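Dear colleague,

Please find the structure for your review below. My notes on it follow directly after.

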Amino acid sequence: MTESAAATGTDWRAWQESWDRQQEWYMPDREERFRVMLDMVEAFAGPEPRVLDLACGTGSITDRLLKRFPKAESVGVDLDPALLTIAEGYFAGDRRVTFVTADLKDPGWTAALPHTSYDAVLTATALHWLHAEPLTALYGQLAGLVADGGVFMNADHMKDDTTPRINAAERAQRRAAMERARAGGALDWADWWALAAADPVLAGPTARRFEIYGEHAEGDTPSVRWHTDTLRAAGFAEARSVWASPSDALVLALK
């Protein structure tokens, strides 16, 4: 666990909110994705679920989970030292939350987890960092972590290459809206990380983060159909999209 907010003088809530605003610049319907995700958690696991927040970042999913379900338990796993520093500072002292540092591409990453079974495994805007082969392997591991009757949900960019004209129109419209927000002072990815690199507490973790990941994702963004087919092949009984925007989707797989 990193130093607490009291020890560092860092406003972890401000960093958490800053991350949310930066992400919303790219995904203005981000909160709607989270709402549907938690609706489905409640539908399958009830109001006291044990959740694995996969590639948790600053803990955006965990934050919303615990506000909606105060008796839930969350285990957040990530490799990013900067985002984990924010998460651990923000949730410091909350016994409902545990954070684990692990590389999802490491075949043995699940050994670092405190539990062997979860009612729900949730992730958002993260697994596009992986190429199809390691993502397929990860889905196989997740099938072993989700309890019978439990769910895995992945909200992410999911392309449909069969609709190029629709894709181009959506992309142009979205980019225009982003530019308007940018003119109004919205931070993009690079701006946000520049601020983190300049912060005395986050500078070191941020430097390590870029050593691990580089500038940005080099993974894949396959279609909803690819995700559902791969999840079924991994051992889930059912899988389909339960929410979609013009550019993103939320896929749910039932064990």
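The largest cavity of this predicted model is lined by Leu127, His128, Leu135, Asn154, Asp156, His157, Met158, Asp220, Pro222 and His227. Four of these lining residues are nonpolar, four are polar and two are charged. Strand β5, which spans residues 146-157, makes the biggest contribution to the lining, namely three residues. The volume of the largest cavity is about 40 Å³, and the count of cavities of 30 Å³ or more comes to one.

The second element I would draw to your attention is helix α5, formed by residues 81-90. This helix is mostly covered, with 10 of its 10 residues buried: Pro81, Ala82, Leu83, Leu84, Thr85, Ile86, Ala87, Glu88, Gly89 and Tyr90. Their packing partners are the helices α2 (12-26), α4 (60-68), α8 (189-198) and α9 (203-213), together with the strands β2 (73-78) and β3 (97-101). At the N-terminal end of α5, Asp80 acts as a cap. A side-chain oxygen of Asp80 lies 2.9 Å from the backbone nitrogen of Ala82.

As regards confidence, the average pLDDT of the protein is 94, and 96% of the residues score at least 70. Residues 1-6 stay under 50, and the model has nine contacts beyond four places in sequence for them. Where pLDDT is low, predicted coordinates should not be read in detail.

With kind regards

Conventions. Residues are numbered from 1 along each chain as its sequence is written. This is a predicted model: local features need pLDDT of at least 70, side-chain atom pairs count only at pLDDT 80 or more; totals for chains, interfaces and linings use all residues. Side-chain values use heavy atoms; hydrogens and water are left out. Buried means under 20% relative accessible area, exposed over 50%, partly exposed in between (1.4 Å probe, protein chains only). Helices (H or I, at least four residues) and strands (E, at least two) are DSSP runs, numbered from the N terminus. Contact means heavy atoms within 4.5 Å. A polar contact is a pair of N or O atoms within 3.5 Å; within protein, one must be able to donate a hydrogen and the other to accept it, and residues adjacent in sequence count only if both atoms are side-chain atoms. On a 1 Å grid over the protein atoms alone, a cavity is a set of points where a 1.4 Å probe fits but cannot get out, and a pocket is an open set with protein on both sides within 12 Å along at least five of seven lines; lining residues have an atom within 4 Å of a point. Grid points are joined across faces, edges and corners, and a volume is the space filled by probe spheres set on the points. Ala, Val, Leu, Ile, Met, Phe, Trp, Tyr, Cys and Pro count as nonpolar, Asp, Glu, Lys and Arg as charged, and the others, Gly among them, as polar. pLDDT is the predictor's confidence in each residue, from 0 to 100.
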